[in-house]
Amino acid sequence: MIELMIKREELAKGQVLFSEGDQCRNMYVISKGEISLTKEKNGLSIEVAVLNEGEFLGEMALLTDSARTCTATAKTETSLLIYDEDEFRELIRTNNGVALRIIEGLAQRLENTTEKLLVPLEII
């Protein structure tokens, strides 16, 4: 069993936490503030989500062993809790409540993304 040593990070408004394509190995929980998730497409930066206190980010790259799919930028002064890959896996392995919260969060993001994809189809 891994002993969880909670690390913290403070971000100033406008500070980038990670960029699309980065190979970071951490998951973050927002303890204060807001994070904007943006994706680059054809030279444009498109905001795909805004995450608030209590929400998490960075888990997808850990679960899929892939690069970051979005850029995460602080919209306000933001405080984060940081879990490295081993801590994250131990946390979801030993805590059903955390695992369920992550599954619910991923399902909500999928639903939101699906809705955003359907908006252009309503115009046609």
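**Reading salt bridges, rings and a pocket**

Q: Which residues are linked in a network of salt bridges?

A: Arg-25, Asp-65, Glu-85 and Arg-89 are linked in such a network. Keep one thing in mind: this is a predicted model.

Q: How many salt bridges does the structure hold?

A: There are eight. To spot one, look for a side-chain nitrogen of Lys or Arg within 4 Å of a carboxyl oxygen of Asp or Glu. Try Glu-87 and Lys-7: their side chains meet in a salt bridge, at 3.0 Å from N to O.

Q: Why does the pair of Glu-87 and Lys-7 tie together parts of the chain that are apart in sequence?

A: Find where each partner lies. Glu-87 is in helix H2, residues 85-94, and Lys-7 is in strand E1, residues 7-11, so the pair ties together parts 80 residues apart in sequence.

Q: Is Glu-87 buried or exposed?

A: Check the relative accessible area. Under 20% means buried, and over 50% means exposed. Glu-87 has 5% relative accessibility, so Glu-87 counts as buried. Its partner Lys-7 has 34% and is partly exposed.

Q: Which residue forms a salt bridge with Lys-39?

A: Glu-20 does, and the closest N and O atoms are 3.0 Å apart. Glu-20 lies in the loop between strand E2 (16-18) and strand E3 (26-32), while Lys-39 lies in strand E4, so this pair ties together parts 19 residues apart in sequence. Glu-20 is partly exposed at 29% relative accessibility. Lys-39 is partly exposed too, at 33%.

Q: What do the side chains of Glu-47 and Lys-75 meet in?

A: They meet in a salt bridge, with 3.4 Å from N to O. Again, place both ends. Glu-47 sits in strand E5, and Lys-75 sits in the loop between strand E7 (71-74) and strand E8 (78-84), so parts 28 residues apart in sequence are tied together. Glu-47 counts as partly exposed at 38% relative accessibility. Lys-75, at 32%, counts as partly exposed as well.

Q: Where is Ala-74?

A: Ala-74 is in strand E7. This residue is buried, with a relative accessible area of 3%. For a distance across the model, take the C-alpha atoms of Ala-74 and Glu-111. They are separated by 23 Å, and the two residues are 37 apart along the chain.

Q: Which ring does the charged end of Arg-68 sit over?

A: Look at the ring centre and the charge above its face. The charged end of Arg-68 sits over the ring of Phe-18, 4.3 Å from the centre. Now turn to Phe-56: Arg-109 lies over its face, at 4.8 Å from the ring centre. Rings can also pair with rings, and the structure holds one aromatic pair.

Q: How much space lies in the largest pocket?

A: Rolling a probe the size of a water molecule over the atoms shows where empty space is left. In this model, about 660 Å³ lies in the largest pocket.

Q: What lines the largest pocket?

A: The lining has 27 residues, and Leu-37, Val-48, Ala-49, Arg-109 and Thr-113 lie nearest the centre. Elements that give two or more residues are strand E4 (35-41), strand E5 (44-51), strand E6 (56-57), helix H1 (59-64) and helix H3 (96-123). H3 gives the most, with 10 residues.

Q: How many nonpolar, polar and charged residues does the lining have?

A: Sort the lining of the largest pocket by class. There are 13 nonpolar, six polar and eight charged residues.

Technical notes
Residues numbered from 1 in each chain as written. Predicted model: local features only at pLDDT ≥ 70, side-chain atom pairs only at ≥ 80, totals over all residues. Heavy atoms only, no water. Phe/Tyr/Trp six-rings, centres within 6.5 Å; stacked < 30°, edge-to-face > 60°. Lys NZ or Arg CZ within 6 Å of the ring centre and 35° of its normal. 1 Å grid on protein atoms, 1.4 Å probe; cavity = no way out; pocket = protein on both sides within 12 Å on 5 of 7 lines; lining within 4 Å. Points joined across faces, edges and corners; volume = space filled by probe spheres on them. Helix = DSSP H or I, 4+ residues; strand = E, 2+ residues; numbered from the N terminus. Nonpolar A, V, L, I, M, F, W, Y, C, P; charged D, E, K, R; others polar. Buried < 20%, exposed > 50% of the residue type's maximum accessible area, 1.4 Å probe, protein only.
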